[in-house]
Amino acid sequence: MSFFHKPSDKEVLRKTEKDLKKTQRGVDRDRAKLERDEKKLEMEIKKAAKQGNKQAATILAKQLINLRKQKVRLYGASAQISSVNAQAKTMVANKATAEAMGRTAKAMGAMNKQMNPQKMMQNMKQFEMESAKMEMKEEMMNDTLDDLLGGSDEEEEQDAIVNQVLDEIGIEVAGKLADAPTYRGSLASKESESKAKDKALEDQLARLMRE
């Protein structure tokens with residue numbers, strides 16, 4: 001069993017940032033010291049110039065030039081440190097993005113393996129065919145029901161039954177009382193006709209269900 005702990009990307013980034021900040025503070029301290037030395041040299045050069053000491057002023061001027069070059073290099077180092085810090089953050093972010101894309105690609109690959117486009121298309125076509133057959137049978141059944149149950153005879157039959165019931169309980173209906181015996185005589189034929197329609201309807205429904 002290994003006790004070695006491999007640091008995560010975030011841990012590496014935090015350590016890198018810590019080290020870079022430490023280095024940056026050191027650069028800032030060196031640059032501040034150079035700025036103080038620069039002002040001191042400028043004052044000494046002015047003093048030597050006032051005293052007419054050209055040789056001392058020349059030597060001090062050369063030192064000032066070198067000091068300013070060092071200060072420029074420190075500015076460059078500071079900019080480089082900031083750039084390295086930004087690059088480190090970008091690398092971690094890019095790695096996280098790449099890993100996320102890899103996991104997504106694996107998930108998509110697993111889904112693609114489970115999906116069978118040809119089988120899905122076949123199922124969809126089969127569903128459409130069965131749905132169309134069901135709609136056709138439904139339309140045929142509705143047409144058959146309309147033919148068997150529809151028409152003006154239904155209203156006449158209902159009127160005949162109502163008038164007969166009213167006549168049987170002794171309620172006179174104006175203009176219809178004399179027709180009551182006729183309706184009585186025709187009720188048997190109406191009932192047989194209704195049974196014949198029911199039988200025809202049952203036969204038609206049985207044929208449709210067998211198709």
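# Notebook: salt bridges, patches and contacts

**Entry 1. The loop and its nonpolar patch.** I began at M115, which lies in the loop between α2 and α3. Helices here are DSSP runs of H or I with at least four residues, strands are runs of E with at least two, and both are numbered from the N terminus. The model is predicted, and local features need pLDDT of at least 70, side-chain atom pairs count only at pLDDT 80 or more, and totals for chains, interfaces and linings use all residues. Residues are numbered from 1 along each chain as its sequence is written, and side-chain values use heavy atoms, with hydrogens and water left out.

I then looked up the exposure of M115 and found a relative accessible area of 41%, so M115 is partly exposed. The classes are buried for under 20% relative accessible area, exposed for over 50%, and partly exposed in between (1.4 Å probe, protein chains only). M115 joins M111 and M120 in a nonpolar surface patch of about 290 Å². Patches take residues with over 30% relative accessible area and no salt bridge; nonpolar side chains (Val, Leu, Ile, Met, Phe, Trp, Tyr) are joined within 5 Å, and like charges within 9 Å. The areas come from the Shrake-Rupley method with a 1.4 Å probe, and for residues only the protein chains shown count as cover.

**Entry 2. The negative patch.** I noted a second patch, a negative one, formed by E135, E138, E139 and D143. Asp and Glu count as negative and Lys and Arg as positive, while His and the chain ends are not counted. The place of a charge is NZ of Lys, CZ of Arg, CG of Asp or CD of Glu. D143 belongs to helix α3 (residues 117–149). Its relative accessibility is 47%, and D143 therefore counts as partly exposed.

**Entry 3. Salt bridges.** How many salt bridges does a search of the whole structure find? I recorded seven, each being a side-chain nitrogen of Lys or Arg within 4 Å of a carboxyl oxygen of Asp or Glu.

One of them pairs the side chains of E17 and K89, at 3.5 Å from N to O. This pair links distant parts of the chain, with E17 in helix α1 (residues 9–51) and K89 in helix α2 (residues 54–114), 72 residues apart. K89 has 42% relative accessibility and so counts as partly exposed.

I next examined E38 and K71, whose closest N and O atoms are 2.6 Å apart in a salt bridge. E38 is in helix α1 and K71 in helix α2, 33 residues apart, so to speak of distant parts of the chain is apt. Are E38 and K71 buried or exposed? Both are buried.

R68 and E42 form a further salt bridge, with 2.7 Å between the closest N and O atoms. Here R68 in helix α2 is linked to E42 in helix α1, 26 residues away. R68 is partly exposed at 36% relative accessibility, and E42 is partly exposed at 28%. I noted that salt bridges with shared partners join E38, E42, R68 and K71 into one network.

**Entry 4. Around R31 and S82.** R31 is in helix α1. Because its relative accessible area is 15%, R31 is buried. Apart from neighbours within four places in sequence, R31 is in contact (heavy atoms within 4.5 Å) with K71, L74, Y75 and S78.

Finally, I looked up S82, a residue of helix α2. S82 counts as partly exposed at 45% relative accessibility. The C-alpha atoms of S82 and E17 are separated by 9.8 Å, with the two positions 65 residues apart along the chain.
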